[in-house]
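User: I'm new to this structure and would love a close look at one part of it. Could you walk me through a place where two helices pack together?

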Amino acid sequence: MAELGAHLTAPPADGGGGQRPSVFEAVAQESLTAALRPALRHLAKVLAESNPGRLGWLWRWFDEAYAVLDLLLQQHYLATCSASFSENFYSLKRVPLRGRQRPAPAAAGLPKKQHWRSLLLLVLVPYLKGKLERLVASLREEDEYSIHPPSSSWKRFYRAFLAAYPFVLMSWEGWFLVQQLCYILGKAQHHSPLLRLAGVRLVRLTAEDIQSLERKVPVPTAGQAHSITTRVQSAVRRALGGIAFSLSSGLAVCVFFLQFLDWWYSSENQETIKSLTALPTPPPPLHLEHGEGSVLLPKLKTLCPLCRKVRVNATALSTSGFVFCYRCVYGYVKAHQRCPVTGYATELQHLVKLYSPES
């Protein structure tokens with residue numbers, strides 16, 4: 001059995017001037033990238049809940065902020081190491097599919113066409129995939145708690161979309177699985193279809209690549225030193241490179257800590273922690289009287305803070321504990337993703353309908 005499976009981890013020779021990585025290395029570097037996003041998302045949520053007035057935008061615009069940081073990070077690594085952040089972490093680099101027999105050193109960078117394709121696929125595809133997953137989750141919550149009439153055309157449309165989405169996702173994941181099987185069997189040069197679309201493949205870093213990365217220090221020529229435009233471009237390039245280098249260094253140091261946070265705050269582990277560290281119910285949160293967009297509490301406890309009328313279908317927010325009309329708080333949370341009174345980050349899944357003994 002060991003002999004039959006030895007080709008999975010053995011470094012096969014590559015006719016393109018480098019060793020092809022094993023499938024475990026290729027999948028491991030993708031898992032590293034996938035572990036960073038949820039860990040940073042949880043960190044942004046904790047910061048937003050601790051100070052919703054100042055840091056609430058981190059939760060509302062997390063996808064866009066993460067895409068910008070990812071763009072700077074991947075641009076820095078593609079330009080300096082011919083690899084993404086996670087690929088460089090595992091000592092891999094990208095080389096063109098069709099090119100010279102011996103690839104250029106990693107410090108030389110990719111050709112412009114492959115560089116911009118790689119950058120676009122590394123940043124845009126995860127961003128759009130995350131947005132689509134959040135849209136599907138939102139539509140499923142709306143379908144479960146919807147206040148639209150059952151015969152509305154919009155409801156029929158997104159129910160059809162929700163029914164088709166699992167098959168689309170299965171096709172997407174199946175495409176990647178087939179590509180990985182072909183890579184294991186030696187029938188393909190790349191383990192991911194995205195590498196094929198970018199026109200590149202992965203190889204291991206060689207000793208020559210490592211030496212070229214260590215001695216890569218840009219030295220301006222005499223003519224360039226007197227050009228104002230060149231100086232401005234060099235300053236901007238150094239600033240962006242410094243930001244990307246700071247991000248990469250911090251991520252490289254904290255990557256295992258972020259993976260630990262991802263495990264620590266998982267739903268299974270949280271149930272164990274809550275059972276061991278159960279505390280008395282805390283007092284209700286303080287009202288943010290000076291918070292922008294926050295509503296004042298009515299004097300009568302039976303009134304809804306939003307419509308100022310007697311509550312109908314009383315619904316509480318689990319993030320703050322305040323009670324509203326279901327229709328009022330559903331529309332507000334869907335539009336603003338926060339509690340109307342405290343400003344705490346809130347989603348539709350935090351709505352809890354209350355039932356009195358009379359009902």
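Is the crossing of α1 and α2 left-handed or right-handed? Please also tell me about the surroundings of that contact.

Analyst: Happy to help! One thing to keep in mind is that this is a predicted model. The crossing of α1 and α2 is left-handed. On the α1 side, the contact is made by Arg41, Ala44, Lys45, Leu47, Ala48, Glu49 and Ser50, while α2 brings Pro52, Leu55, Gly56, Leu58 and Trp59. Sorted by character, the residues of this contact are seven nonpolar, two polar and three charged.

Now for the geometry. Two packed helices are described by the angle between their axes and by the distance between those axes. Helix α1 covers residues 23–50 and helix α2 covers residues 52–60. Their axes come within 6 Å and cross at roughly 155 degrees. An angle over 145 degrees counts as roughly antiparallel, so α1 and α2 are roughly antiparallel to each other.

There is also some enclosed space to look at here. Searching the whole structure turns up three cavities of 30 Å³ or more, and the second largest holds about 40 Å³ of space. Its lining consists of Ala48, Pro52, Gly56, Trp59, Arg60, Gln337, Arg338, Gly343 and Ala345. Helix α2 gives the most to that lining, with four residues. By character, the lining divides into four nonpolar, three polar and two charged residues. To link the two views, Ala48, Pro52, Gly56 and Trp59 take part in the helix contact and also line this cavity.

Terms used: Residues numbered from 1 in each chain as written. Predicted model: local features only at pLDDT ≥ 70, side-chain atom pairs only at ≥ 80, totals over all residues. Heavy atoms only, no water. Axes fitted to C-alpha atoms, helices over the stretch in contact; angles between N-to-C directions. Parallel < 35°, antiparallel > 145°, perpendicular 65-115°, else oblique. Left-handed = near helix turned anticlockwise from the far one by under 90°. Contact = heavy atoms within 4.5 Å. Nonpolar A, V, L, I, M, F, W, Y, C, P; charged D, E, K, R; others polar. 1 Å grid on protein atoms, 1.4 Å probe; cavity = no way out; pocket = protein on both sides within 12 Å on 5 of 7 lines; lining within 4 Å. Points joined across faces, edges and corners; volume = space filled by probe spheres on them.
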